[in-house]
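Here is a short walk through the model you have open, one selection at a time. Keep your viewer's selection box handy and follow along.

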Amino acid sequence: MKNYSLFWKKDVLDICNNLSEGGYKFYFYSSTARNLRLKIPENFYYILTTANLIELSQLFESIEFPGKTDYDGEIKCKEFSIRLKICDMPYDRTDFDILRQESRKELFTLNTIFFDIKKEIFLDPLDCYYDFREKKIKLTPDFEEIYTDKPYKIFDILYLMSEYDFTLEEGIKCKIEKIPFKFRNEYSDEIIAGFNKIIVTKNPYISISIMDKLNILEEIFPVLSDTKSVPQNKDFHPEGNVYEHTIECFKYLRKPSLPLALSLLLHDTGKPETLTRNGKNLRFPGHSRAGASIARKILRKFGYSQDIIGKVAFLIEYHLLAHEFRHM
């Protein structure tokens, strides 16, 4: 088996070799095949295989079976994970009917290709070749069911738009807007991982503005809802209320660090509870400290590291420091 590119890491090749020597068929699928086609670095390697659960447990001692619908087994490596999905397919041929059925479990067509690792060729059961050439995102036939059941798949679309300048097929946004995004606890890890990935892209405002329209931001961070009803002094914030100001801030970010992006999103969440009025003058005494406290609670709930929580809290608590430089 040749090394197709640097995209393949040693642990992935070892697993492929074990499957091959065991006499099983296997393909890269979903975002892995797509990222290989686009030469995008991967953190999760999805492999479709004819090996069953018992056979996988015999082949790989460290495999875990988390009971996910997207994959059956997972092998965690130091910097990435390998996820294996079982598929009943004849060994002596590639059954395109079965691959088409698997393709329809994806949200958009760019994720419906497969890569035959042995032959080093792509398989395209839904004919999405031109979608890659045109950098166009098109939905699959069963997208409503997929999006409702697995809402985290939307982040793949947003990532391609914010980082690689892909565009939506006309009318897609309206179709997706009709399906309410719901934060599902069983997919909380996938949702947070997808969110983290897109807010550090080269143009995160693209994703933030779409998540605003699709009600994704408020589903993940309900605390942002309270900021919509908080007005601001027009002399300092002509863009509008606190929520509108937060969205507007992302226009000026390019590939931010994760702590910076998170702190920007949550930096004014302390304003609703600290709002005071003196005629038309609005003040928010102590809102930075209140916001830092709110951010700590939210980020702990989602399992962020203490290092990230500390950096975000610091940036929020002292985000007004720059205004004081002129007085120093």
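Start by selecting helix H7, residues 154-164. H7 is mostly covered, with 10 of its 11 residues buried (under 20% relative accessible area; exposed is over 50%, partly exposed in between, using a 1.4 Å probe and protein chains only). Helices here are DSSP runs of H or I with at least four residues, strands are runs of E with at least two, and both are numbered from the N terminus. The model is a predicted one, in which local features need pLDDT of at least 70 and side-chain atom pairs count only at pLDDT 80 or more, while totals for chains, interfaces and linings use all residues. Residues are numbered from 1 along each chain as its sequence is written, and side-chain values use heavy atoms, leaving out hydrogens and water.

**Stop 1: H7 and its partner**

Which residues of H7 are buried? Colour Ile154, Phe155, Asp156, Ile157, Leu158, Tyr159, Leu160, Met161, Ser162 and Glu163, and you have them.

Now add helix H10, residues 204-213. H7 and H10 pack with their axes 7 Å apart, at an angle of about 140 degrees (axes are lines fitted to C-alpha atoms, for helices over the stretch in contact, and angles run from 0 to 180 degrees between N-to-C directions). Their crossing is right-handed (the near helix is turned clockwise from the far one by less than a right angle; anticlockwise would be left-handed). Show side chains to see who meets whom: Phe155, Leu158, Met161 and Ser162 from H7 are in contact (heavy atoms within 4.5 Å) with Pro204, Ile206, Ser207, Ile210 and Met211 from H10.

**Stop 2: two positive phi angles**

Step off the end of H7 and pick Asp165, which follows the helix and has a positive phi near 60 degrees. Asp165 is not a glycine, and its place is the loop leading from H7 to strand S8 (167-168). With 43% relative accessibility, Asp165 is partly exposed.

Next, select Lys135, in the loop between helix H5 (129-134) and strand S7 (136-137). Lys135 is another residue other than glycine with a positive phi, in this case near 55 degrees. Its relative accessible area is 33%, so Lys135 counts as partly exposed.

**Stop 3: salt bridges**

Side chains of opposite charge can pair when their charged atoms come close. How many salt bridges does the structure hold? There are 22, each one a side-chain nitrogen of Lys or Arg within 4 Å of a carboxyl oxygen of Asp or Glu.

Try Glu102 and Lys85 to begin with: their side chains meet at 2.9 Å, N to O. The pair links distant parts of the chain, with Glu102 in helix H4 (residues 96-103) and Lys85 in strand S4 (residues 81-86), 17 residues apart. Are these two buried or exposed? Glu102 is buried at 12% relative accessibility, and Lys85 is buried at 9%.

Move on to Arg104 and Asp142, another salt bridge, whose closest N and O atoms are 3.1 Å apart. Arg104 sits in the loop between H4 and strand S5 (114-116) and Asp142 in the loop between S7 and helix H6 (143-149), so this pair ties together parts 38 residues apart in sequence. Arg104 is partly exposed at 34%, and Asp142 is partly exposed at 25%.

Then zoom to Arg289 and Glu317, whose side chains form a salt bridge at 3.5 Å, N to O. Arg289 belongs to helix H16 (residues 287-301) and Glu317 to helix H17 (residues 306-317), and the two are 28 residues apart. Arg289 is exposed at 62%, whereas Glu317 is partly exposed at 23%.

For a group rather than a pair, select Asp70, Glu106, Lys150 and Lys153, which are linked in a network of salt bridges.

**Stop 4: across the chain**

Finish with Ser229, in the loop between helix H12 (223-227) and helix H13 (242-249). Ser229 is exposed, with a relative accessible area of 60%. Draw a distance from its C-alpha atom to that of Gln58, 171 residues away along the chain: the separation is 58 Å.
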